[in-house]
Amino acid sequence: MKISSSYLFDSALRNLQSSQTDVARSREQLASGKNLVRASDDTSKLRSIETLESYLKKLDSFDSNLSYLKDRLNLEEGVLGSASDILMRIKELSIQAANDTMSSTDLDIIATEARNLREELFSIANTRDVEGNYVFSGSRTENPAYSRDQLTGQVSYEGDNRQSKISINETRDLEKNRDGQSIFQSITRSQSEYSIAGISGEGNFNFRAGGLVIEFYVEANASSQTVVSAMQRALDQSGVAGSASANVTDGVTSYSLTVSGQHAELNNGVLVTQGNSETNALTVSKTKDQNTSEGFFSVLGDFVAGLESGDRGKINRAISEITILQEDMAIVLGDVGSAINNLDRQSDINSDTRLRVDQLLSGEKDLDYAQAVTKFNQEMVRLEATQASFAKVAQLSLFEFI
């Protein structure tokens, strides 16, 4: 088999070029500090790098969402904490106002403070974030959550109950908005209607409301309206929230009471001896139960109205209703605090995940300098040997042997 000198020359030249290419690539790696200088160097490694970098961008998006949610929840926690403190103060005022020693002037003073506290709560319900959006309007963030009728003073919710979610990792979404109705919650006010039997002639009459004995006096030949007024005064003085009424059917007068609050359960009266006379025990029969939904600000408005009018029934009823409002607010506040804790834990999880991904990406992209320098020295030795071999091959000629 004959091997021409041109073949030897071409082979030596290819070896020289290959060695020079390897040395040049190693120099680029050492200069850039990157294991992969150009995409054509290793396409499979390039895919791994792109996958890891794409996941890091997802983590950036999740972290941005976490930061947004935490800022918003911190805002909610702050304003709702203030709302809870205000409700606690209003509850204290209701207990204070229920004291029988309170004069009308004292009640007016308490009413002034309670009215101002209600206005503070109304302002909190219409809180805005740094972007000017209303926090508690649901998805209608451009509208105030609550509005007030200028004529009646009635407060109504103007937002909606739609909630949007935001991703904090690949498998978990959290609500980024809360509606006002789930925070400033309504209560259920129980009302019961009773018929009263046994009012006839002159004398003292009574019935029971819870643990109270409600007593009133009826004059001889008193009109039905006079009887109603006497029962109403007895209710008000006893602190029972209710109203008395009279109905005339076929010339027969009947009386009824509609009551609500903590003394809403009425029972038959009791025989009470006063001096030489006995108080007549009336017969009470329940005719209807009715539950009504009362809004957050409606409850507070009824309390203020009760203070202004000196209606001890409304004041006593407000104690239990405001307690419910305060407990509901505490639950909401606890839910917000729990959500903030969840965000903190998720942030730690994302940080750990980012660290692991960064390590994997570094293993794919970053250069191992010790290994690279050793490889570079080996390639330089190879290049020098190839250059020396090529010089010898290039000098081969038959004329030197003639």
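Two strands pair if DSSP finds at least two bridges between them. Keep that rule in mind for this predicted model.

Start with strand 8 and strand 9. Strand 9 covers residues 252-260. Nine bridges join the two strands, and they run antiparallel. Here is one of those partnerships: G242 has V259 in strand 9 as its bridge partner.

Now widen the view. Strands 8 and 9 belong to an open sheet of four strands. The order across the sheet is 8-9-5-13, and the pairing is antiparallel. Which strands stand at the edges? They are strand 8 (241-249) and strand 13 (283-294). Each has a single partner strand, so one side of each is left without a neighbour in the sheet. The sheet is not flat from strand to strand: neighbours are turned by 20° against each other on average, direction ignored. Strands of a sheet pair through backbone hydrogen bonds, either parallel or antiparallel.

Next come the helices. Helix 5 spans residues 224-238. This helix lies across strand 8 and strand 9. Against strand 8, helix 5 runs at about 165°. Helix 6 packs on the sheet too, touching strand 5 (187-197) and strand 13. The direction of helix 6 makes about 125° with that of strand 13.

Move on to strand 6, residues 203-209. Is this strand mostly covered or mostly open? Strand 6 is mostly covered, with six of its seven residues buried. Buried here means under 20% relative accessible area. Strand 6 pairs with strand 7, residues 212-218. Seven bridges link them in the antiparallel sense. One bridge sets G203 opposite V218 of strand 7. Together the two strands form a hairpin, with two residues between them. In the turn, G210 has a positive phi of about 65°.

Strand 6 also has a link to strand 10, residues 266-267. Two bridges join these strands, which run antiparallel. A209 has L266 in strand 10 as its bridge partner.

Finish with the empty space. Rolling a probe the size of a water molecule over the atoms shows where empty space is left. The largest pocket holds about 300 Å³ of space. Its lining has 16 residues. Which of them lie nearest the centre? They are V155, G295, F296, F297 and S298. Strand 2 (155-157) and helix 6 (296-309) each supply at least two residues of the lining. By class, the lining has six nonpolar, nine polar and one charged residues. Helix 6 thus appears twice in this tour: it packs on the sheet, and it supplies part of the pocket lining.

Key
Residues numbered from 1 in each chain as written. Predicted model: local features only at pLDDT ≥ 70, side-chain atom pairs only at ≥ 80, totals over all residues. Heavy atoms only, no water. 1 Å grid on protein atoms, 1.4 Å probe; cavity = no way out; pocket = protein on both sides within 12 Å on 5 of 7 lines; lining within 4 Å. Points joined across faces, edges and corners; volume = space filled by probe spheres on them. Nonpolar A, V, L, I, M, F, W, Y, C, P; charged D, E, K, R; others polar. Buried < 20%, exposed > 50% of the residue type's maximum accessible area, 1.4 Å probe, protein only. Axes fitted to C-alpha atoms, helices over the stretch in contact; angles between N-to-C directions. Contact = heavy atoms within 4.5 Å.
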